[in-house]
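User: Please take a close look at how the side chains pack and pair in this model. Start with the interior, then work through the charged pairs, the cysteines and the surface.

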Amino acid sequence: MSFDAEVVRAEVREWLAANWDPDSTLAEWREKLCDSGWGCPTWPQQWCGRGLPAAAQAMVSAEFARVGGVAPPEGVGMQLASPTLLEHGSDDLKARFLRDTVAGRIIWCQLFSEPSAGSDLAGLTTRAVRDGDDWVVNGQKVWNTSARHADYGLLLARTDPGVPKHRGLTYFVLPMKQPGVEVRPLRQMNGHASFNEVFLSDARLPADYVIGEVGGGWAVALTTLAHERRMTIQTQPVAKDGGRVAREAYQESLQLREPYKWYPQRAGRVDLAIERAKSHPGGPTVRREVARLFGLASVSRWTAERAAAARAVGKPPGPEGSLGKLANSNVARAAMRVHAMLAGPEAMLAGADGPADGLVAEILLSVPAVSIAGGADEIQRNIIGERVLGLPKEPSVDTTIPFAEVQKNATRLAKE
């Protein structure tokens, strides 16, 4: 789909000149975004958008930045829930949730992984059973960011254990504010508590809160996962200067970004590694590792730019997301190695006693997470092998037999 960039630029400038009021409330401004479609210009017109091609997004964002205009809220709602609803949701679900998400009235979380179903997500055991006009859900989820303050969760649950595991899953919208949902924070080894575990005990949701088809949840989940691999979290809040809208958006971003404040350390802090190498010169081995880190970081950045260019011309998320994620894991580990070599034994010291006020120790404890979150490195290699290189899939027996007959750890241990 082509478009006239100059015409669109003139339209958004004219609209901003007539409507941007930095002294209005954030709620009032977001309603204008929903009505005009300029907050989500690539979405369909009937769903808070303008139907423009993906290439228009960067241009519209630049015009908003020029006047200090505030965008829709960040996080799971706009980056995961909304794209999934747009692609697979019924019109009723779109009408019920999209506008409220753009307006910032509701917060979302993702309820996929389980203690025994992480990389093998299709092996999850959380059950959803139809009960009249409701579904009743029982099970446990883990690694759920923002679950403590979310209004709704993107839930993947098993509705039919009598078919192979990928075909017995259904994708739901789960109301989080109910007695059957218990959220417990998880303390991480780096001292943060960004994640939660969620216990579902006879939690209920309306029968029509299904995204896609009953039993077709795996295809919907793949859409969400594809967007998750390219999901970006800005760890710095929006500017708080510029009127009431900016101040309220700043407070909103502080809350939304709180769980992600350690993500720069998870990524290895390449910037800090190179700066520390300049002030702490080492021998040839250290210099070689710094050069390797710089090369890996550059390649990773170029991969991300290629993926952004593909999105700009309207291409859907593809295997480049797995390539980029795997590259980020390699960069983070290389940065961690450089930090450890530069700091020596002092890298183990936390707080003010440690290098960079303990930041190096936090990096060493945080980097392993980047190889797990959003799909483990092994999963990304499988995707790259199968979808990019065209290699045959790994042999598996549990994808062809009913899930109820698949031997699980609990069953095996009981027999032993």
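Analyst: **Interior packing**

Leu-155 is in contact with Leu-111, Val-137, Lys-141, Thr-170, Tyr-171, Phe-172, Leu-174, Leu-200 and Leu-205, leaving aside neighbours within four places in sequence. The model is predicted. Leu-155 belongs to the largest nonpolar core, which holds 59 residues. Which members of that core touch the most others? They are Phe-97, Trp-108, Leu-155 and Leu-174. Two of these four, Leu-155 and Leu-174, are also in contact with each other. A second core lies apart from the largest one. That second core has 17 residues, including Leu-16, Trp-29, Ala-56 and Val-60.

**Charged pairs**

Next, the charges. Side chains of opposite charge can pair when their charged atoms come close. The count here is 23 salt bridges. Three of them are worth a look one by one.

Take Glu-63 and Arg-13. Their closest N and O atoms are 2.7 Å apart, and the two form a salt bridge. Glu-63 sits in helix H3 (residues 56–67) and Arg-13 in helix H1 (residues 5–19), so this pair ties together parts 50 residues apart in sequence. Are the two ends buried or partly exposed? Glu-63 has 3% relative accessibility, so it counts as buried. Arg-13 has 39%, so it counts as partly exposed.

Now Glu-252 and Arg-30. This is also a salt bridge, with the closest N and O atoms 3.0 Å apart. Glu-252 lies in helix H7 (residues 244–257) and Arg-30 in helix H2 (residues 26–36), so the parts tied together are 222 residues apart in sequence. Both ends fall under the 20% cut-off for buried: Glu-252 has a relative accessible area of 18%, and Arg-30 has 1%.

The third pair is Glu-258 with Lys-261. Their side chains meet in a salt bridge at 2.8 Å, N to O. Glu-258 is partly exposed, at 43% relative accessible area. Lys-261 is partly exposed too, also at 43%. Elsewhere, shared partners link salt bridges into one network of Glu-6, Arg-9, Arg-13, Glu-63 and Arg-66. The pair of Glu-63 and Arg-13 is thus part of that network.

**Cysteines**

How many disulfides does the structure hold? It holds zero. Cys-34 and Cys-48 show why. The cysteine sulfur closest to that of Cys-34 is in Cys-48, 4.3 Å away, which is too far for a bond. Looking from the other end, the sulfur closest to that of Cys-48 is in Cys-34, again at 4.3 Å and too far. A disulfide needs the two sulfur atoms within 2.5 Å. Both cysteines are buried: Cys-34 has a relative accessible area of 4%, and Cys-48 has 8%.

**A nonpolar patch outside**

Last, the surface. Leu-323, Val-388, Leu-389 and Leu-391 make a nonpolar surface patch of about 360 Å². Where is Leu-391 found? It is in the loop between helix H13 (377–388) and helix H14 (409–415). Leu-391 has a relative accessible area of 48%, so it counts as partly exposed.

Notes: Residues numbered from 1 in each chain as written. Predicted model: local features only at pLDDT ≥ 70, side-chain atom pairs only at ≥ 80, totals over all residues. Heavy atoms only, no water. Salt bridge = Lys/Arg side-chain N within 4 Å of Asp/Glu carboxyl O. Helix = DSSP H or I, 4+ residues; strand = E, 2+ residues; numbered from the N terminus. Buried < 20%, exposed > 50% of the residue type's maximum accessible area, 1.4 Å probe, protein only. Core = buried A, V, L, I, M, F, W, Y, C linked by side-chain atoms within 4.5 Å. Contact = heavy atoms within 4.5 Å. Patch = residues over 30% accessible without salt bridge, like charges linked within 9 Å, V, L, I, M, F, W, Y side chains within 5 Å. Areas by Shrake-Rupley, 256 points an atom, 1.4 Å probe, with all protein chains shown as cover.
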